[in-house]
Amino acid sequence: MSMRWLRPRIRSLAIGAGLAVTASFFLASPALAHGKEVTIKLSCRALQASAPLERTCLATVVATNDGDPVTDGRLTLTAARPGKSDDGLAPVRFSPEAKEGEYVASFTLPAYGTWQFRVEIDKPAEGQVSLEQEILPPSGSDSPVDQVEIQLLRAFDLRDVANIVSLGLHLVGTMVILGANASIFVMAMFIDGPAGMRIRRSAVRFFPWLALASFALLAISGAYNAAYNSPSSSPGLYTPGRVASLPFGDAYVATFALKMVLAGVLVCGTGLLAIALQKTPSWLALPIAGGASLGQSRQTERLVDGRARRSRDADTEATTRGRTIAVIAAANVLDGVAILALVLVMDYLHLLSHAEALFGGS
Amino acid sequence: MREASIVLALLSVLGLVACGGGSAEPSSPDQAGPARETSAPSGPRLWIKEGGTTQPFDNGRSVSIDGTDVEIYVSPYPPGRTANIDFYLTRNGQPVENANVSLQYDMTVMDHGPFKLLAVPTGRGHFLAPVEFLMTGDFWLNVSLSLGGQESVISMLVRSER
């Protein structure tokens, strides 16, 4: 009896306690809403790569404890550029997407740079999430400008005329000095007899002045070319460091230095040849009647025994000097050919320095 | 003999003159532009000339000229053989739309041009200039801003690399 009475009481108490706990849970939920933990995933991107300032941010909000999407969230986005004095972006309110728990905000940033996006949620929980992105102008295939008119401002002017004239004068000077040395070589080796003597005497007279004029021309035009006809802009080779900074520039400067050494050797060799010509009687003397040389005619006044011997000595000396002249002239010509070869190398290196522009680089 | 000596002396002088071009002292890199930093790829790639001096310039920095703030962004950065340069013009914080922005540029150590191009207005104060540098190296850029009949020039240096 008592047990029967007791059981309904216990059942009632148990039911009542259960209802009380349940009721307290639901009542407590609004209060806990401020402390409710939600997880926000934020991603921002440009819908079009050609317009990176026009961006869309997607926020996904889920409850942290069970991962359920939060459908009644209220989110606001703000953006600013750290270190910049501008006002940043005015607050943007997110709109719920069709998919539960997703919110989207679209906006246009005023400027490029490093932007810090901050999304704040004030319902159903309070909190924020930040995202930093560097937004640069579009480039390459993303560039919104696929055509642009580039104007070349350079025109053919007096400077170009002067450059061509200077190159031409340098070439003329080179041809003259090499031609003069080559002519002396040919005279020394292959031209003989009375007619040859006259030519040799003329060569002795004119060679130094021709060489001098050629070198003067080469020096003046070379000084100009070094400034205006070199791979780098003026002052060109007078600042070798600038030339060396170009692709293959080191090799160009080294080749140019070698060229100048050989040019110095050519100057010295040509001067040596001019002196040798002045000292060689067979290049100075005019032929006398009967075909005997001046030296030989003098020797006829000597004693018969010594005459033949001295004549032989004079011939030997003349032959030796003649060979010396031929050797110096040949060396000068070879030196000049080597200089021309170096000029070709320099032109090729100059071309190579542009290879990147001609053939592209990776 | 005397004649030959005179000629030899003159030839020697000419030789020295001719060699003079090649023996000039190397110039300071500053003459051509900014100093090279081959060992530091993260070094500056932009410079601006202000008050007669060339100073490194951070990508995205603003320069104020004749009352107009110009924010300059180079993309990609570091700049390659081609780069888009954005000029963001503002006055008193407001974008400037009615302006013309044009560029003249060429390499500092080689003459290829100079070239001139007109930056394309892309709206809200932005002007985009797609620049082709032709080669890797240092390029000078003169940026002309034409605004309300007034023209201002910003002088920059850009180092393009592969």
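Student: Here's a place to start: is B:Glu71 buried or exposed?
Tutor: Its relative accessible area is 5%. Under 20% is buried, over 50% exposed and in between partly exposed (1.4 Å probe, protein chains only). With its 5%, B:Glu71 therefore counts as buried.

Student: What kind of model are we looking at?
Tutor: Residues run from 1 along each chain as its sequence is written, chains from A and ligands from 1 in written order, and side-chain values use heavy atoms, without hydrogens and water. Local features need pLDDT of at least 70, side-chain atom pairs 80 or more, and totals for chains, interfaces and linings use all residues, as the model is predicted.

Student: Which residue forms a salt bridge with B:Glu71?
Tutor: A salt bridge puts a side-chain nitrogen of Lys or Arg within 4 Å of a carboxyl oxygen of Asp or Glu. For B:Glu71, the closest N and O atoms are 2.5 Å apart. B:Glu71 sits in strand β4 (residues 68-75) of chain B and its partner in the loop between β3 and β4 (89-93) of chain A, so the pair joins two chains. That partner is A:Arg81.

Student: And is A:Arg81 buried or exposed?
Tutor: We've just met A:Arg81 in a salt bridge with B:Glu71. The relative accessible area of A:Arg81 comes out at 4%, so it's buried.

Student: Which lysine is linked in a network with A:Arg81 and B:Glu71?
Tutor: The link is made by salt bridges, and A:Arg81 and B:Glu71 are two of its members. The lysine that takes part along with them is A:Lys84.

Student: How many salt bridges does the whole structure have?
Tutor: One of them is formed by A:Glu120 and A:Arg118, at 3.9 Å from N to O. A:Glu120 is partly exposed at 36%, and A:Arg118 is partly exposed too, at 37%. Searching over all chains, the total is nine.

Student: How many residues apart in sequence are the parts that A:Asp122 and A:Arg74 tie together?
Tutor: These two form a salt bridge, with their closest N and O atoms 3.0 Å apart. A:Asp122 is in strand β7 (residues 113-123) of chain A and A:Arg74 in strand β3 (residues 74-80) of chain A, so the parts they tie together lie apart in sequence by 48 residues.

Student: Is A:Asp122 buried, exposed or partly exposed?
Tutor: The relative accessibility of A:Asp122 is 39%. A:Arg74, its salt-bridge partner, also has 39% and is partly exposed. For A:Asp122, the verdict is likewise partly exposed.

Student: Which strands stand at the edges of the open sheet in chain A?
Tutor: Four strands form it in the order β1-β2-β6-β5, with antiparallel pairing (at least two DSSP bridges make a pair). Each edge strand has a single partner, so one side of each is left without a neighbour in the sheet. They are β1 (38-46) and β5 (95-96).

Student: Which residue in β6(A) stands opposite A:Pro96?
Tutor: Two bridges join β5(A) to β6 (residues 102-108) of chain A, and the strands run antiparallel. The one opposite A:Pro96 is A:Tyr103.

Student: How many strands does chain B have?
Tutor: Helices (H or I, at least four residues) and strands (E, at least two) are DSSP runs, numbered from the N terminus. Chain B has 162 residues, of which 49% are buried. Along the sequence, two α come before the β run. Beside its two helices, the strand count is twelve.

Student: Which residue takes a positive phi in the hairpin of β9(B) and β10(B)?
Tutor: Three bridges join β9 (residues 120-123) to β10 (residues 126-132), running antiparallel, and B:Val120 stands opposite B:Leu128. Two residues lie between the strands, and the one with phi near 55° is B:Arg124.
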